[in-house]
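Please open the model in your viewer and keep the sequence panel beside it. The tour goes from the whole chain to its cores and then to single residues, with a selection to make at each stop.

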Amino acid sequence: MKRIQRISELERQYVSEVLDGEFKSAMNYSFVTRLENEFAKKFDAKYGIAMVNGTATLHAALEAAGIGDGDEVICPALTMSSTHIAVLQANAIPIFADIDPRTFNITADTISKVITEKTKAIIPVALYGLSPDMDPIMELADKYGLIVIEDDAQCFLGYYKGRVAGSTAHMSSFSFQSSKHMTAGEGGIVITNDVQLALSLRRFSGLGYGNIGPEKGRITKDEIQSPMFERHVSLGFNYRPSDLCGAVALAQLERIEELVEMRVRAAKHFLVAIEGFTWVYAQEVPEGYVNSYWAFTLCLDTDKVAWQDFRKKFIELGGDGIYGAWKIGYLEPMYRNQAFQKREKLIEKHGLYKYEEGLCPIAERLQPKLLQFKTNYWDESDAYTQAQILKKTCEYFNDRI
């Protein structure tokens, strides 16, 4: 069975080169620039703009699209919180859409049910490594004049109808956080084919500097030495990553195929392990899709086996543990208590938005049933062992149902 290194000598070599350069202006940001260019090329885009993390990328994308006060942005009910927190960062209003019960993803149909005259953008999420059905979503967006920002934090080298995930939307956001397919500990990137969006992304993430652009992320020493130099042409945040992160991320990008392959190999062992058990099913991968399996996720019939009982037995038999799916966003205390750091005032002035049970019944029903298994096993034999433990766990409960 295959074995690879999560962090190889290549990452160490690139980091050493950054440190040897002592962060001098002539060398600083060179790895970030290389990362941006190579990532855009790999994911079939013209422009890549790297940032400090995968929440900053979503925030910057919303700002680049002109999203702001009173605008509604549609997000999946089932997703990690950064997706909808970024909407609040942009002073916009998160609107939650339900999910498909088999793929666990947002769909054009569920989106269409919550579109209003205030809707300005959609953030579909490629959950667990599986792309949503993007063509109908883009058709819907075109019909209503909406911006689509794909959240691919969990989907590197997933494919949708022959296209790499992230190459369909107006902008697509990726995360380099430590659990992701490729990592720099933290970081992220937005890709786009639109030069004006790329310029807006760059300026918003780079303090609004006027002399940076789609393919230029830093001002030079010569440019800033004049006392008459005008720096800021628009409001921008400092979302630029360090070259240390750029160095690690570039090395990981150059190894991305093998890093993704190991997760897919792990998922295949898990898929074999659950064959024949009708009371649990895996995330469905439709024909023409390739799941890159950030996590391997099952839906458990909790009327037959309690979620905690399943997890307890899996661990008892030697399993690494099982993660629960994120609580539905609008059912978190932040929404329940309207604890939005005064942004609740921005929301209230545009209407009565109730974040409560019943908004997305399919997501609410499935979330407590989902079992998320790690796939980041860099020694395939470890993944195989975990899959065999999963099989034994299923056999244990199958004999008692």
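Helices here are DSSP runs of H or I with at least four residues, strands are DSSP runs of E with at least two, and both are numbered from the N terminus. By that reckoning the protein, which is a predicted model, has 15 helices and 14 strands.

**The whole chain**

Begin with the C-alpha trace, which spans about 80 × 55 × 35 Å along its principal axes. The radius of gyration is 22 Å, which agrees with the value near 21 Å that a compact globule of 401 residues would have. If you colour by accessibility, 56% of the 401 residues count as buried, while the protein exposes about 17,400 Å², 49% of which is supplied by carbon and sulfur atoms. A contact map would show that, among contacts with a separation of 6 or more, 73% are between residues 24 or more positions apart. Selecting the charged side chains gives 45 positive and 53 negative ones, with the centres of the two sets 3 Å apart.

**The nonpolar cores**

Next, select Phe39, Met182, Phe296, Phe310, Phe373 and Leu390, the residues that touch the most other members of the largest nonpolar core, which has 60 residues. Helix H10, residues 256-273, gives the most to this core, with nine residues. A second, separate core has 46 residues and can be found by selecting Ile74, Ile137, Tyr160 and Tyr330, which are among its members.

**From Met182 to Gln252**

Return to Met182 and display its surroundings: beyond its neighbours within four places in sequence, its contacts include Arg6, Leu35, Phe39, Phe156, Phe176 and Leu253. Gln252 is also in contact with Met182, and it makes a good next selection. Is Gln252 buried or exposed? Its relative accessible area is 0%, so Gln252 is buried. The residue sits in helix H9, residues 243-254, and, again leaving aside neighbours within four places in sequence, it is in contact with Arg6, Ile7, Glu11, His181, Met182, Thr183 and Leu259.

**A loop stop at Asn211**

Move to Asn211, in the loop between helix H7 (195-205) and helix H8 (221-224). Asn211 counts as buried because its relative accessible area is 19%, and buried means under 20%. Outside its neighbours within four places in sequence, Asn211 is in contact with Lys216, Ile219, Glu223 and Phe229.

**Two residues with positive phi**

Select Glu22 in the loop between helix H1 (9-20) and helix H2 (30-42); although Glu22 is not a glycine, it has a positive phi of about 55°. Glu22 is exposed, with a relative accessible area of 55%. Then select Tyr293, in the loop between strand S11 (289-290) and strand S12 (295-300), which is likewise not a glycine and has a positive phi of about 50°. Tyr293 is buried, at a relative accessible area of 9%.

**Asp379 and the start of the chain**

For the last stop, go to Asp379, in the loop between strand S14 (370-374) and helix H15 (380-398). Which spacing should you look for between Asp379 and Ile4? The two are 375 residues apart in sequence, yet their C-alpha atoms are 6.4 Å apart in space. Asp379 is buried, with a relative accessible area of 16%, and beyond its neighbours within four places in sequence it is in contact with Lys2, Arg3 and Met262.

Notes. Residues are numbered from 1 along each chain as its sequence is written. This is a predicted model: local features need pLDDT of at least 70, side-chain atom pairs count only at pLDDT 80 or more; totals for chains, interfaces and linings use all residues. Side-chain values use heavy atoms; hydrogens and water are left out. The radius of gyration is taken over C-alpha atoms; the globule rule is 2.2 Å times the number of residues to the power 0.38. Buried means under 20% relative accessible area, exposed over 50%, partly exposed in between (1.4 Å probe, protein chains only). Contact means heavy atoms within 4.5 Å. Accessible areas come from the Shrake-Rupley method with a 1.4 Å probe; for residues, only the protein chains shown count as cover. Lys and Arg count as positive and Asp and Glu as negative; His and the chain ends are not counted. The place of a charge is taken as NZ of Lys, CZ of Arg, CG of Asp or CD of Glu. A nonpolar core is a set of buried Ala, Val, Leu, Ile, Met, Phe, Trp, Tyr and Cys residues joined through side-chain atoms within 4.5 Å.
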